[in-house]
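Thanks for sending this one over. Here are my notes, set out as numbered points so that you can follow them with the model open.

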Amino acid sequence: MDLVSVDIGGTHARFAIATIANDGSISLSEPETLHTEDHASFQTAWEDYRERMGGTLPPRVSMAIAGPVGGDVIRFTNNPWIIRPALVKEKLGVEDYTIVNDFEAVAHAVARASEDQFIHMTGPEGPLPPTGRLTVLGPGTGLGVAHLYREPDGTYRVSATEGGHIDFAPLDSIEDAILARLRKRHTRVSVERVVAGPAISDIYQTLAAMEHKAVPEIDDIEIWTKGMSGEDSLAAAAVDRFCLSLGSVAGDMALAHGAKGVVIAGGLGYRLRETLLKSGFAERFRAKGRFESMMAGIPVKLIVHPQPGLFGAAAAFACEHAKAAQ
């Protein structure tokens, strides 16, 4: 069975043809990435992709969406598109569809990915626990969070969350300063304001102010590029601070979920994989006071599947429609 698998974030919409074999295995065609700002709506992006694919697409679609799903109108957290599920079949010309939160899709990918699709970050070595709850989170344009519960019989359940919007809790004077800067624009500062891709700009400007340096307002992509290459020492310090804060947030999520393991995902998480391993991420993950020894026993992995959102969206479609057929 073929379907169109779509992963829609704040900046990009990725499309691929997914094939679900009789044994349940999933394969993806070469993805096409479209910029959300270049299209007035998801429908026009769909039509663009259809044209690129020769004018025809499979009559099934699974969409992983960066934002809450389930209502009559789906609004994206970080882009202006709107999707009305009741009109999906008519507008796209499909027979069946699935709509899931983007990190719900990533959690499906974590459940189905092979062990070689993960790299170890901290905690006990070895595979992720075969049963119990796993926390899945990752920074991109926003901060996605989901959890996955593995049953003893090999089945699993996925729950989307809006954990990226819990309150940010500073741990030191630098994070106090970051929070103070953000509070000038936001009455309430969520963790997404500190550990998502665009947040690097506020971290960079905060560090510059602490050193009484006048630096230009450069965009977040340039800061990431200069910081990860080491070209700019202040940008590098901002990237390191980001990794520290991400470690703290990942540990908080694990505590809140009662997780037996944690998986870092997201486009930025993937690009940061080498940087995270050399940063203070692991130390911050464990730094939970009386629970430090417990945190040290939680394995943390990073999924390196190149398209977990697309893979997971296809897996979510297979799960939903297999249940409907029963």
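**Aromatic pairs and the largest pocket**

1. Across the whole structure, a search turns up six aromatic pairs. Please keep in mind that this is a predicted model. A good place to begin is F15 with F42: the ring centres are 6.0 Å apart and the planes lie at 0°, so this pair counts as stacked. F15 belongs to strand β2 (residues 12-20) and F42 to helix α1 (residues 42-52), so the pair ties together parts that are 27 residues apart in sequence.

2. Are these two rings buried or exposed? F15 has 0% relative accessibility and therefore counts as buried. F42, at 4% relative accessibility, counts as buried because the cut-off is under 20%.

3. Next, look at F281 and F285. Their ring centres are 6.4 Å apart with the planes at 15°, so this pair is stacked too. Helix α10 (residues 281-286) holds both F281 and F285, and they sit four residues apart, about one turn of the helix. Both F281 and F285 are buried.

4. Which residues do ring pairs link into a cluster? The members are F15, F42, W46, Y49 and W81, so you will meet the stacked pair of F15 and F42 again here.

5. One charged side chain also deserves a look. R273 lies over the face of Y270, at 4.0 Å from the ring centre.

6. Now to the largest pocket, which holds about 1200 Å³ of space. Its lining is made up of 48 residues, and those nearest the pocket centre are P139, G140, T141, G267 and L268. Sorted by class, the lining has 17 nonpolar, 24 polar and seven charged residues.

7. Which elements supply at least two residues each to that lining? The strands are β1 (2-8), β2, β10 (132-139) and β11 (143-150). The helices are α3 (102-112), α6 (220-229), α8 (267-271) and α12 (308-325). Helix α6 gives the largest share of the lining, with five residues. Strand β2, where F15 lies, is thus worth viewing from the pocket side as well, since β2 is among the contributors to the lining.

8. Finally, a loop position: A287 is found in the loop between α10 and α11 (292-296). With 32% relative accessibility, A287 counts as partly exposed. A287 and S248 are 39 residues apart in sequence, while their C-alpha atoms are 7.5 Å apart in space.

Note on methods: Residues numbered from 1 in each chain as written. Predicted model: local features only at pLDDT ≥ 70, side-chain atom pairs only at ≥ 80, totals over all residues. Heavy atoms only, no water. Phe/Tyr/Trp six-rings, centres within 6.5 Å; stacked < 30°, edge-to-face > 60°. Buried < 20%, exposed > 50% of the residue type's maximum accessible area, 1.4 Å probe, protein only. Lys NZ or Arg CZ within 6 Å of the ring centre and 35° of its normal. 1 Å grid on protein atoms, 1.4 Å probe; cavity = no way out; pocket = protein on both sides within 12 Å on 5 of 7 lines; lining within 4 Å. Points joined across faces, edges and corners; volume = space filled by probe spheres on them. Nonpolar A, V, L, I, M, F, W, Y, C, P; charged D, E, K, R; others polar.
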